[in-house]
Amino acid sequence: MEKIPLGIAKKILQLLNGEAIPYSQLKNKVITKIMGEGVLQIRIQGRSRQQVYIAKPDQFRSYLSNNWGINDLRVYIHNLEQGNSRTENILASSDSKISSKRTFKGFLVNCAVPIKTEINGANLLLQPLEGTFTFIHDFESFNIPKETLVIGVENSENFRHLQKQTYLFETSSPMFVSRYPQSKDLVNWLKDIPNPYLHYGDFDFEGIRIFRDEFHRYLGERASFFIPKNIEVLLERFGNKSIYNKQFKSHWKFSLDNEIDDLIALFHKYKKCLEQEVFITSENTEPFNIHHR
């Protein structure tokens, strides 16, 4: 039964500690499988040198737990080094098999106003209630009104405080969705429905990459990236230079649309990027409208 080898586990621990490792040192079928899930990132240094890194360590730890059964990578590595029994490996995994079997499938949904949906042939009324979300497990049979705009929210705090952000969107009854955790279930569902998708994430290079690689790649023109009209003011006032410096890549290239190109130009102009939490932490209450593609 497949598991993460000791050498690769040690490399992953280095990545979780913030290091970047040359891709040439990570050539392994396990790494290939993990990269296929979109939870490892690659950046180019120089003309052709590829380096692997982890942009969001907490999400990657959730991925290890839910996809490989590893709750504590350090303990997992220690047990492999000591040749411990499968029973002792329970300390590091969700079960004694250390398998890649998923505990859950599906994704979270939320809304600001009630939405009539259907699942497994039965009516399901989604109702907003502060502090609660709805988890859709049987997403294959989950149907929503064709006119409903699906908005993907990257940050958990923004997903938690939707009521503070509904003024952002020029639509009466959007449905908000959140991946759980780092799986392709959400995009697989989106591919099977006709609804438009709006990606509401961080305004930085990584946020654009997530949109490009995990949504636009599969949905094409049905997917668009949320950009507030006063993004320049927000970048100048609330932008973070450390995020820009950490994520900037001299060979970063996108070819999606003019609005995203303009957004990237603003990153470079102010040498700043912006986290979406600005909409739930700032005192600015001016409504922001989206750019339509």
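At what angle do the axes of helix α7 (residues 205–219) and helix α10 (residues 258–270) cross, and within what distance do they come? Here are some notes to help you find your way around this predicted model.

1. Let's start with that pair. The axes of α7 and α10 come within 11 Å and cross at roughly 160°. Angles over 145 degrees count as roughly antiparallel, and α7 and α10 are therefore roughly antiparallel to each other. The crossing in which α7 passes α10 is left-handed.

2. Now for the residues that meet there. From α7 come Phe 205, Ile 208 and Phe 211, while α10 brings Ile 260, Leu 263, Ile 264, Phe 267 and His 268. Sorted by character, the residues of this contact are seven nonpolar, one polar and no charged.

3. Phe 267 is worth a second look: besides belonging to the contact with α7, Phe 267 is among the residues with the most contacts inside the largest nonpolar core, which has 57 residues. Phe 142, Met 175, Trp 189, Leu 190 and Phe 203 are also in that group.

4. Try clicking on Trp 189 next. Leaving aside residues up to four places away in sequence, Trp 189 touches Phe 107, Phe 139, Phe 142, Ile 144, Val 150 and Met 175. There is also a second, separate core, with 25 residues, including Ile 4, Ile 21, Ile 31 and Trp 68.

5. Finally, the whole chain. The protein chain has 11 helices and 12 strands, and 47% of its 293 residues are buried. Of the contacts between residues at least 6 apart in sequence, 75% join residues at least 24 apart.

Methods:
Residues are numbered from 1 along each chain as its sequence is written. This is a predicted model: local features need pLDDT of at least 70, side-chain atom pairs count only at pLDDT 80 or more; totals for chains, interfaces and linings use all residues. Side-chain values use heavy atoms; hydrogens and water are left out. Axes are lines fitted to C-alpha atoms, for helices over the stretch in contact, and angles run from 0 to 180 degrees between N-to-C directions. Helices (H or I, at least four residues) and strands (E, at least two) are DSSP runs, numbered from the N terminus. Angles under 35 degrees count as roughly parallel, over 145 as roughly antiparallel, 65 to 115 as roughly perpendicular and the rest as oblique. A crossing is left-handed if the near helix is turned anticlockwise from the far one by less than a right angle, and right-handed if clockwise. Contact means heavy atoms within 4.5 Å. Ala, Val, Leu, Ile, Met, Phe, Trp, Tyr, Cys and Pro count as nonpolar, Asp, Glu, Lys and Arg as charged, and the others, Gly among them, as polar. A nonpolar core is a set of buried Ala, Val, Leu, Ile, Met, Phe, Trp, Tyr and Cys residues joined through side-chain atoms within 4.5 Å. Buried means under 20% relative accessible area, exposed over 50%, partly exposed in between (1.4 Å probe, protein chains only).
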